[in-house]
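This report describes selected features of one protein model. It begins with a pair of facing residues and proceeds to the sheet, a helix and the enclosed spaces.

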Amino acid sequence: MDLDTGAGLLHRLTSYEPAREWSVPVDDPRVRHDLVPNDPETLPPPMKGYPDGPAVLALPRDLPDPGVSATAVLAGVASPAQPLDAAQLGRVLFLGAGVVRTAERNGRPFLYRASGSAGARFPLEVYASTRGVAGVPDGVHWYDARRHALVQVAPAATGAVTTLVVTGVPWRTGWRYAERGWRHLYWDAGTLLSQLSAAATSAGLAPRLRSLFPDATVRALVGADGVHEYPLALLSLGDGAPAIGPTGPAVHGELPQVELPLCTTAQRAGERDVLGAPWPQAEPLSAFPPSDPFDEVVRRRGSQRRMDRSRTLPRALLEWSLAAALRGVPVPHWVAVHGVDGVPPGLYRWPDLSTPLRTGDLRDELLRVCLDQALAGDAAYVVIAAAPLATLDDRGYRDAQLAAGLVEGRLHLAAYALGAGASGMTFLDSEVPGLLAGPDDLAALLFTCVGVPEYRSRAGGRPGDPVEVRPVAPRLGGS
């Protein structure tokens, strides 16, 4: 990867290091210095807006729960096929992108989605290009998560199977994280896709994930301009050609016109004009522990802000969760163990838990590497995704970030299914090679903290009926 162009340049200019506060941009003219992070005056809306005109289809609010356990879904166990109708499509969309909780911040409503997102920014949009869904006309539809409805933005596409398109809105996360927010687009998209895929799998809908697709074609399909919004991934419901061929213009919708040029450049550097094969289907795990149904676990899931460092987790929970989360994902992962029964504290390269790369208590070091965020030291274990930059190109960098987010999302689901809690974590890039005893070009992708919750989140609500919550403040520093 060339660190002076494209995604490589973005990686270099958005890497955190101890000598600079995370909120202070690097001294380089290619990043914006005129934007104030977290400025209430420039807060972007949480969703796109569409003027009056596009047809709106309210989705059924009674969700057809297949009743499959969350652990069976994560293990890859096949489920009986359910009819793909408006209710089942709405269920899949809701369990990924639905509004399940609300809060008030600075006098403004704040929407929490079913899947996790850094800073609860949810810088994503989801479209359904439908083919043969009972109760839904063939067409390209934007998912209105607040109303649990479909807004038709374009005529039916060519292709054989209904396909969900996940797009990213860089300013929605850049408002807090500046140009580094481009990485968050892919982390959060992976987390979202972990739940969309699992919801589809539990209904026997055979989801097929693609991260290689003709970018310009998909932009035209959903009305994304390639600057303020761009496609990140496709998820088809079934085998066959994805329904992504535009047959007419799409309504673009409304977004704040704030550009982060470095992000635009990184995105364009990875654009391609071919449709790739779906990600390989991994073999299911041979066994899985009991758990509540998948739908119930999703509503229970939240971003854990505080963990009890005095309590440990069983080794079996770590081993099974990682085996399930990494099914079919080739990105290397490490585990920093703080408090796992039967596993001495230290650093391990998954899947080998018998030979530590480093031994001893790493809590203070993880705390420092994770910018003094207490979860990094309070968790029972911290999962770290990283990859050598030399193995990636501009598109491969996207895929690696997406894969890391997919693993994080699965770890969240596994943790909540088995009584633990989880939260994603950012980090000092410059310190990761030393932490992992790896080469200098080993680039951290994402940290996921898993541990014993200090509190229990209120279960999320159902479509159109989100639960009001009062957010818990995270701790900083050691406990």
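## A strand pair at the sheet edge

In this predicted model, Leu 57 has Leu 150 of β6 standing opposite. A second pairing joins Val 56 to Val 151, its bridge partner in β6. Strand β6 covers residues 149-154, and its antiparallel pairing with β1 extends over three bridges.

Burial is the prevailing state in β6: five of its six residues are buried, so the strand is largely enclosed by the rest of the structure.

## The β5-β6 hairpin

Strand β6 also pairs with β5, again in the antiparallel sense, through five bridges. Within β6, Ala 149 is the residue that stands opposite Asp 144.

The two strands β5 and β6 make up a hairpin in which four residues lie between them. His 148, in the turn, has a positive phi of about 50 degrees.

## The seven-stranded sheet

Both of these pairings belong to an open sheet of seven strands, ordered β1-β6-β5-β4-β7-β9-β8, with antiparallel pairing. Strands β1 (56-58) and β8 stand at the edges with a single partner strand each, so one side of each is left without a neighbour in the sheet. On average, and with direction ignored, neighbouring strands are turned by 30 degrees against each other.

Strands of a sheet pair through backbone hydrogen bonds, in either a parallel or an antiparallel arrangement.

## Helix α3

Helix α3 comprises 12 residues, 86-97. From its first C-alpha to its last it reaches 16 Å, close to the 16 Å expected at 1.5 Å a residue.

The helix is mostly covered, with 12 of its 12 residues buried. Among them are Ala 86, Gln 88, Arg 91, Phe 94 and Ala 97.

## The cavity

Rolling a probe the size of a water molecule over the atoms shows where empty space is left. The count comes to one cavity of 30 Å³ or more, and the volume of the largest cavity is about 50 Å³. Its lining consists of Met 47, Ala 97, Arg 113, Phe 122, Leu 124, Glu 125, Val 126, Trp 142, Tyr 143 and Ala 145. Two elements, β4 (124-130) and β5 (139-144), give two or more residues each to this lining.

Strand β4 provides the largest share of the lining of the largest cavity, three residues. By class, the lining of the largest cavity holds eight nonpolar residues, no polar residues and two charged residues.

## The second largest pocket

The second largest pocket has a volume of about 600 Å³. It is lined by 29 residues, of which Thr 201, Pro 207, Gln 281, Arg 327 and Arg 410 are the closest to its centre. The elements that give two or more residues to the lining are α2 (70-75), α5 (181-202), β8 (207-210) and α12 (394-417).

Helix α5 contributes the largest share of the lining of the second largest pocket, five residues. The lining of the second largest pocket divides into 18 nonpolar, eight polar and three charged residues. Strand β8 is thus named in two settings: as an edge strand of the sheet and as an element of the lining of this pocket.

## Leu 347 in strand β13

Leu 347 belongs to strand β13, residues 346-349. The residue is buried, with a relative accessible area of 0%. Its C-alpha atom is separated by 5.5 Å from that of Leu 357, which is 10 residues away along the chain.

How values were computed: Residues are numbered from 1 along each chain as its sequence is written. This is a predicted model: local features need pLDDT of at least 70, side-chain atom pairs count only at pLDDT 80 or more; totals for chains, interfaces and linings use all residues. Side-chain values use heavy atoms; hydrogens and water are left out. The expected span of a helix is 1.5 Å times one less than its number of residues. Buried means under 20% relative accessible area, exposed over 50%, partly exposed in between (1.4 Å probe, protein chains only). On a 1 Å grid over the protein atoms alone, a cavity is a set of points where a 1.4 Å probe fits but cannot get out, and a pocket is an open set with protein on both sides within 12 Å along at least five of seven lines; lining residues have an atom within 4 Å of a point. Grid points are joined across faces, edges and corners, and a volume is the space filled by probe spheres set on the points. Ala, Val, Leu, Ile, Met, Phe, Trp, Tyr, Cys and Pro count as nonpolar, Asp, Glu, Lys and Arg as charged, and the others, Gly among them, as polar. Two strands pair if DSSP finds at least two bridges between them. Axes are lines fitted to C-alpha atoms, for helices over the stretch in contact, and angles run from 0 to 180 degrees between N-to-C directions.
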